[in-house]
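Let's walk through this chain together, beginning with its strands and ending with what lies inside. Please keep the view open as you read.

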Amino acid sequence: MRRTRSAFAALAVGAAAAATLAVPGTASAASPPPCPDKYVCFYTGSDYSGDMCMWSQTDPDWQSGNIKCSWSSTKNVKSIKNKGTSSNWSGVAYYAGKDYSTRKGCTKQGKSGNLAGTYKLRSHRWIKGTCGS
């Protein structure tokens, strides 16, 4: 009986120590899910890390549109993946303002990369014609 109590006491102490080490917010952040084909994905971290918001359609206002991007008003966008496949479009243009105001850049279909990361975005649309990167 005494051995059983000692074993339980040791387990309880071990569990308490493990719980103290598991402090919320100290674990490394999980990678976002992969960006699906036919979508454009925007990330708060470089190299497609951090928080992600994704769309398969145009969105004139990330903060109140059909799909809301919860971090768009507080975090800069640092990378993009345009996995669009339609030959109807040349790329995705993205804007600092709602309703496609203050264009910041454009990423061609099937391309991805890091952005300057110095601005927040609020809208995007698939475009025809000239698209930078």
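Which residue in S6 does Ser79 stand opposite? Its counterpart there is Asn114. Keep in mind as you look that this is a predicted model.

That pair is a good way into the strand pairing. Strand S3 (residues 79–82) and strand S6 (residues 112–114) are paired antiparallel, with three bridges between them. S3 also pairs with S1, again in the antiparallel sense, over four bridges. If you would like a residue to click on here, take Cys41, whose bridge partner in S3 is Lys81.

Now step back to the whole chain. You will find one helix and seven strands, and the helix comes before the strands when you read from the N terminus, in the order α-β-β-β-β-β-β-β. Among contacts between residues at least 6 apart in sequence, 66% join residues at least 24 apart.

Next, turn to another group of strands. Three of them form an open sheet in the order S5-S4-S7, with antiparallel pairing. Strand S5 (101–108) and strand S7 (123–127) are the edge strands; each has a single partner strand, so one side of each lacks a neighbour in the sheet. On average, and ignoring direction, neighbouring strands of this sheet are turned by 25 degrees against each other. Five bridges join S4 to S7, and across that pairing Tyr94 stands opposite His124 in S7. As general background, strands of a sheet pair through backbone hydrogen bonds, either parallel or antiparallel.

What about the interior? In soluble globular proteins, nonpolar side chains tend to be buried together. Here the largest nonpolar core has 15 residues, and those with the most contacts inside it include Val40, Phe42, Trp55, Trp62 and Tyr94. Strand S1 (40–45), strand S2 (49–55) and strand S4 (91–97) each supply at least two residues of this core. Apart from it lies another core, this one of five residues, among them Ala93, Tyr95, Cys106 and Ile127.

Val40 is worth selecting for a closer look. Beyond its neighbours within four places in sequence, Val40 is in contact with ten or so side groups you can browse, including Cys35, Trp55, Ile80, Val92, His124 and Trp126.

Finally, consider the surface. Buried residues make up 32% of the 133 residues in the chain. The chain exposes about 8,200 Å², and carbon and sulfur atoms supply 54% of that area.

How values were computed. Residues are numbered from 1 along each chain as its sequence is written. This is a predicted model: local features need pLDDT of at least 70, side-chain atom pairs count only at pLDDT 80 or more; totals for chains, interfaces and linings use all residues. Side-chain values use heavy atoms; hydrogens and water are left out. A nonpolar core is a set of buried Ala, Val, Leu, Ile, Met, Phe, Trp, Tyr and Cys residues joined through side-chain atoms within 4.5 Å. Buried means under 20% relative accessible area, exposed over 50%, partly exposed in between (1.4 Å probe, protein chains only). Contact means heavy atoms within 4.5 Å. Two strands pair if DSSP finds at least two bridges between them. Axes are lines fitted to C-alpha atoms, for helices over the stretch in contact, and angles run from 0 to 180 degrees between N-to-C directions. Accessible areas come from the Shrake-Rupley method with a 1.4 Å probe; for residues, only the protein chains shown count as cover.
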